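This briefing introduces a structure to a reader who has not met it before. It covers the contacts of one residue, a nonpolar core and backbone angles in loops.

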Amino acid sequence: KLDDIRVYSYAIDQDTVRSLVQMGQNAAPSIVKITAPTTAILTGSTPINVDAEIYDAHGDDITYKWERIGTGPAAVISATDVEDPTITFTEVGTYTFRLTINDGVYGLTNNIYREFTIKIEQATCERVKTDGLLMTGDINADCKVNLDDFALIALDWLKCNDPEDPDCDNPYVNVVE
């Protein structure tokens, strides 16, 4: 059942392959890629935009079906029948989603799909430190600017460490190079 066999003495590019497919019978659509982060930090209600890229050689109308795979914390998909939904998370967890497509001819048995996973992590002070997001006045690195930080500043309030000033502590006194 081969039809229109061609042999080339060189590699043909993706656009050439697509134009050859368009000349033939209807071909199955494909999910080229799904763009979504693999991890995100929970910030109360965290929305994630998902971008699907679909290719259909004949420009057929595509039907989309987004769904959550597996069990665990809930996630809200803005619309399950669009190409690029927003998914909102309210709990930490690992979530797997599936996009199934069909063009009215192919994919009717839910066999054209792609899955992806997003890990939603808890925001913590340690994460703030690791990501370099501490506030400027947080002297003791506890993710709060409060009187404890001001007390640390007050301890050194009248000190100086200018090595050229004889009345200051020399910061190089015990430094060995």
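I34 touches V50, D51, A52, W66, L99, R114 and F116, leaving aside residues up to four places away in sequence; contact means heavy atoms within 4.5 Å. The model is predicted, so local features need pLDDT of at least 70 and side-chain atom pairs count only at pLDDT 80 or more, while totals for chains, interfaces and linings use all residues. Residues are numbered from 1 along each chain as its sequence is written, and side-chain values use heavy atoms, without hydrogens and water.

**Nonpolar core**

- The largest nonpolar core (a set of buried Ala, Val, Leu, Ile, Met, Phe, Trp, Tyr and Cys residues joined through side-chain atoms within 4.5 Å) has 22 residues, of which I34, I54, W66, F89, L99, I101 and F116 touch the most other members.
- Two or more residues of this core come from each of strand 1 (30-35), strand 4 (51-55), strand 5 (63-69), strand 7 (86-89), strand 8 and strand 9.
- Strand 8 makes the greatest contribution to this core, with 4 residues.
- Helices (H or I, at least four residues) and strands (E, at least two) are DSSP runs, numbered from the N terminus.
- Buried means under 20% relative accessible area, exposed over 50% and partly exposed in between (1.4 Å probe, protein chains only).

**Positive phi angles in loops**

- N110 is not a glycine, yet its phi is positive, near 60°.
- N110 lies in the loop between strand 8 (93-102) and strand 9 (113-121), and it counts as partly exposed because its relative accessibility is 41%.
- C143, also not a glycine, has a positive phi of about 65°.
- C143 lies in the loop between helix 2 (125-130) and helix 3 (147-155), and its relative accessible area of 24% makes C143 partly exposed.
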